[in-house]
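Biologist: Please pick one part of this model and take a close look at it for me. I'd like the local pairing to come before the wider surroundings.

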Amino acid sequence: PEAPATAEFPVLTITPTQANLVVGLARDRSGRELEIRVNVYQPEPAAAPTPVVVYIHGGRWLEGDYRCENLRLGWSENSSFRAAMSLVSHGFAVVTAGYRTSDQAPFPAQIHDVKGVVRYLRAQAGRLHLDPRRIYVWGESAGAHLAALLGVTEGRPELEGRVGGRVKISSAVQGVVEYFGMTDLLELAPDNYRRPWLISPAAMWEQADSPSSSRAALIGFAGEGEGLGTLRGHLGPARAPYHNPGSPYQAFLRLLELATPLNFVSSTTCPFFIAQGGRDERVAPAQSFRLFEALTKAGVEAYMMASAQAGHGRLGAAVDRAAVDFLIDLAGRR
């Protein structure tokens with residue numbers, strides 16, 4: 001497809017080998033059924049089943065869909081997406097995943113959907129010529145948040161969901177590429193409050209702590225007087241901050257706990273590659289550093305690359321190439 005004249009970034013002419021595949025049905029907040037779909041981009045036919053990378057798009061959990069047209073047609077900055085799609089030329093299938101946006105349904109709908117995608121790919125591995133033992137995930141921003149959750153929460157009943165059925169099939173992934181994702185939602189705004197030379201506290205409050213923020217919309221706590229800033233005023237004790245039975249917002253604190261990848265890192269977590277910009281106004285580097293530290297303390301194989309001058313995107317060719325090499329290396333071990 002040709003991009004419009006307004007495209008600012010490179011256009012990808014690659015088209016799906018299998019388009020609009022239906023993973024299963026899910027419901028929006030009104031009870032209406034929605035189809036969760038994927039597009040599949042496959043390499044030249046190979047003798048052996050191919051490894052697969054599930055790409056999860058960003059967009060504040062509010063924008064975009066499985067077709068990734070804004071990225072494919074150069075309407076949005078797309079270097080990370082281009083790097084992920086380049087894996088097709090290295091013998092990987094790449095699957096662009098759909099999930100319900102937060103205006104359609106609050107968390108945990110989004111992680112239920114992408115776990116349903118992984119189970120679908122594992123169930124359909126024979127038909128799609130995929131290797132069910134080599135399923136990896138790559139996400140950017142809000143998509144990286146979901147990718148990280150995929151990497152650390154296999155088997156958690158509250159987060160598995162039933163999208164697409166196949167509930168006895170594992171939703172585990174064997175590796176995660178995580179580009180500037182949110183990993184510690186409680187500290188998301190405070191991490192940037194400490195960087196007033198980059199973004200003012202007032203602007204960061206509006207972006208992350210206010211009722212109008214996309215973070216509040218994610219967990220459905222976006223009414224008057226709500227938002228993540230309000231929830232931080234209702235935390236429990238330091239040893240159990242998400243548990244405060246005396247708070248009228250305990251249910252939302254629990255959602256915040258479940259939506260925080262940092263809470264689920266363990267010694268069985270799969271390998272991670274983390275990429276971060278030093279001048280990111282939306283996700284402070286501390287979010288990535290904290291995840292990297294937790295992974296290494298747990299003995300998990302983890303790598304991190306940070307580009308000091310980069311913002312929320314455009315981390316550079318060296319970072320993108322390292323992410324690609326990370327997955328090529330993982331896939332080559334089996």
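**Strand β4 and what surrounds it**

Modeller: Let's start with one contact point: I56 has A97 of β4 as its bridge partner. Bear in mind that this is a predicted model. A97 also serves as bridge partner to V38, so to speak a residue with a hand out to each of two strands, β2 and β3.

The wider pairing goes like this. Strand β2 (residues 33-41) runs antiparallel to β4 and is joined to it by four bridges, while β3 (residues 50-56) pairs with β4 in the parallel sense, over five bridges.

Now for the two faces. In a regular strand, side chains alternate between one face of the sheet and the other. In β4, A93, V95 and A97 are buried on one side, and V94 and T96 are buried on the other. With five of its five residues (93-97) buried, β4 is largely enclosed by the rest of the structure.

Step back and you get an open, mixed sheet of eight strands, ordered β1-β2-β4-β3-β5-β6-β7-β8. Its edges are β1 (18-27) and β8, each of which pairs on one side only. Direction ignored, neighbouring strands are turned by 20 degrees against each other on average.

Follow β3 away from β4 and you reach β5 (residues 130-140), which runs parallel to β3 and is joined to it by six bridges; T50, for instance, has L130 of β5 as its bridge partner. Helix α5 (residues 142-152) packs on the sheet here, touching β3, β5, β6 (176-179) and β7 (272-277), and its direction makes about 140 degrees with that of β5. A second helix, α12 (residues 285-297), packs on the sheet against β6, β7 and β8, at about 160 degrees to the direction of β7.

I56 then turns up again in the packing. The largest nonpolar core has 63 residues, and I56 is listed with F107, L121 and F272 as having the most contacts inside it. Helix α5 supplies the largest share of this core, seven residues. As a general pattern, nonpolar side chains in soluble globular proteins tend to be buried together.

What does F272 touch, leaving out residues up to four places away in sequence? Its contacts are A148, G151, V152, V176, L291, L295, E301, A302, Y303 and F326. Apart from this core lies another one, of 30 residues, with Y41, Y55, A310 and L315 among them.

Two of those F272 contacts, Y303 and F326, bring us to the rings. There are eight aromatic pairs in the structure. Y303 and F326 make one that is edge-to-face, with 5.8 Å from centre to centre and 65 degrees between the planes. That pair links distant parts of the chain, 23 residues apart: Y303 sits in strand β8 (residues 302-307) and F326 in helix α13 (residues 317-332). The two rings' residues aren't equally covered: F326 is buried at 6% relative accessible area, whereas Y303 is partly exposed at 38%. Elsewhere, ring pairs tie W138, Y179 and F180 into a cluster.

To come back to where we began: β4 is flanked in the sheet order by β2 and β3, and both of its faces are covered.

Conventions. Residues numbered from 1 in each chain as written. Predicted model: local features only at pLDDT ≥ 70, side-chain atom pairs only at ≥ 80, totals over all residues. Heavy atoms only, no water. Buried < 20%, exposed > 50% of the residue type's maximum accessible area, 1.4 Å probe, protein only. Pairing = 2+ DSSP bridges. Phe/Tyr/Trp six-rings, centres within 6.5 Å; stacked < 30°, edge-to-face > 60°. Axes fitted to C-alpha atoms, helices over the stretch in contact; angles between N-to-C directions. Contact = heavy atoms within 4.5 Å. Core = buried A, V, L, I, M, F, W, Y, C linked by side-chain atoms within 4.5 Å.
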